[in-house]
Amino acid sequence: MHRKKTGASGSRSGPQQLRIIGGDWRRRRIRFPDRPGIRPTPDRVRETLFNWLAPTIAGVRCLDLFAGSGALGLEALSRGAATAVFVEQDAAAAAALRETVAALAGGRGEVIRAESLAWLAGPARPFDLVFLDPPFGAGLLVPALERLERGGWLAAGARVYLEGPAGEEPVLPGGWLLHRSGRAGAVGYHLALRPGSAGEAIP
């Protein structure tokens, strides 16, 4: 989720839509409210990311921490993730996402209205895949990674997607691997791997 622009044209009105680009819900249109600065990760970035994740997406437990429209978590569920938790602070966005998740995913999805860093201070449960696309310029990537790592939120070998301004390489916790990176205009996107079990191969 970007919170830095109003969209490609610079102006919007009324409810917005995103398109699921792969999996069981391919081409399904999802509506989300026109809230200040919320814009889904672009289709071509999502397509690249999920090509990276294709060998490992089936059956994983996902966390979409700065969910916004829910594009990343919904795409993961469409492609075979077992469960997804969506955390979103904006009330209208969270309500719309809750309706979408209930209609498509049933018990596989959970939407939580909360400030993301505050939510990470609560009781932890381990996730295999985490999406981090916070508002650009808000300085949230590093503290989110630190809380995920220290708080017990990540399974061994977890994969973490990070999105931020192009040209800014993410600062990762010690021992992590920056596995893949790409750029789309002003957006830089990355897939990081948390250390797994001894001798575990990285696909």
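Me: Are Trp119 and Trp153 buried or exposed?

Reply: Both are buried in this predicted model. For Trp153, the relative accessible area is 0%. The cut-off for buried is under 20%, so Trp153 qualifies.

Me: How do I read a pair of aromatic rings?

Reply: Take two values: the distance of the centres and the angle of the planes. Now the case here. The count of aromatic pairs comes to 5. One of them is Trp119 with Trp153. The ring centres are 4.7 Å apart and the planes stand at 35 degrees, so this pair is tilted.

Me: Which parts of the chain does the pair of Trp119 and Trp153 tie together?

Reply: Trp119 sits in helix 4 (residues 116-119). Trp153 sits in the loop between helix 5 (141-150) and strand 9. The pair therefore ties together parts that are 34 residues apart in sequence.

Me: What are the distance and the angle for Phe127 and Trp153?

Reply: Their ring centres lie 6.4 Å apart, with the planes at 15 degrees. Planes under 30 degrees apart count as stacked, so that is the label for this pair. Phe127 belongs to strand 8, and Trp153 to the loop between helix 5 and strand 9. The two residues are 26 apart, and their pair links distant parts of the chain. Phe127 is buried, with a relative accessible area of 3%.

Me: Which residues form an aromatic cluster?

Reply: Phe50, Phe131 and Tyr161 form one.

Me: How do strands of a sheet pair?

Reply: Through backbone hydrogen bonds, either parallel or antiparallel. Here, 7 strands make an open sheet with mixed pairing. Read the order as 7-6-5-8-9-11-10. Strand 7 (109-113) and strand 10 (177-184) are the edges, each pairing on one side only. On average, neighbouring strands are turned by 15 degrees against each other, direction ignored.

Me: How many bridges join strand 8 to strand 9?

Reply: There are 5. Strand 8 covers residues 127-132, strand 9 covers residues 154-165, and the two run parallel. For a single bridge, take Leu129: its partner in strand 9 is Arg159.

Me: Where does helix 2 lie?

Reply: Helix 2 (residues 71-78) lies across strand 5 (61-64), strand 6 (83-88), strand 8 and strand 9. Helix 2 runs at about 170 degrees to strand 6.

Me: Which strands does helix 3 touch?

Reply: Helix 3 (residues 91-104) packs on the sheet and touches strand 6 and strand 7. The direction of helix 3 makes about 165 degrees with that of strand 7.

Definitions and conventions. Residues are numbered from 1 along each chain as its sequence is written. This is a predicted model: local features need pLDDT of at least 70, side-chain atom pairs count only at pLDDT 80 or more; totals for chains, interfaces and linings use all residues. Side-chain values use heavy atoms; hydrogens and water are left out. Two strands pair if DSSP finds at least two bridges between them. Helices (H or I, at least four residues) and strands (E, at least two) are DSSP runs, numbered from the N terminus. Axes are lines fitted to C-alpha atoms, for helices over the stretch in contact, and angles run from 0 to 180 degrees between N-to-C directions. Contact means heavy atoms within 4.5 Å. Rings of Phe, Tyr and Trp (its six-membered ring) pair if their centres lie within 6.5 Å; planes under 30 degrees apart count as stacked, over 60 as edge-to-face and the rest as tilted. Buried means under 20% relative accessible area, exposed over 50%, partly exposed in between (1.4 Å probe, protein chains only).
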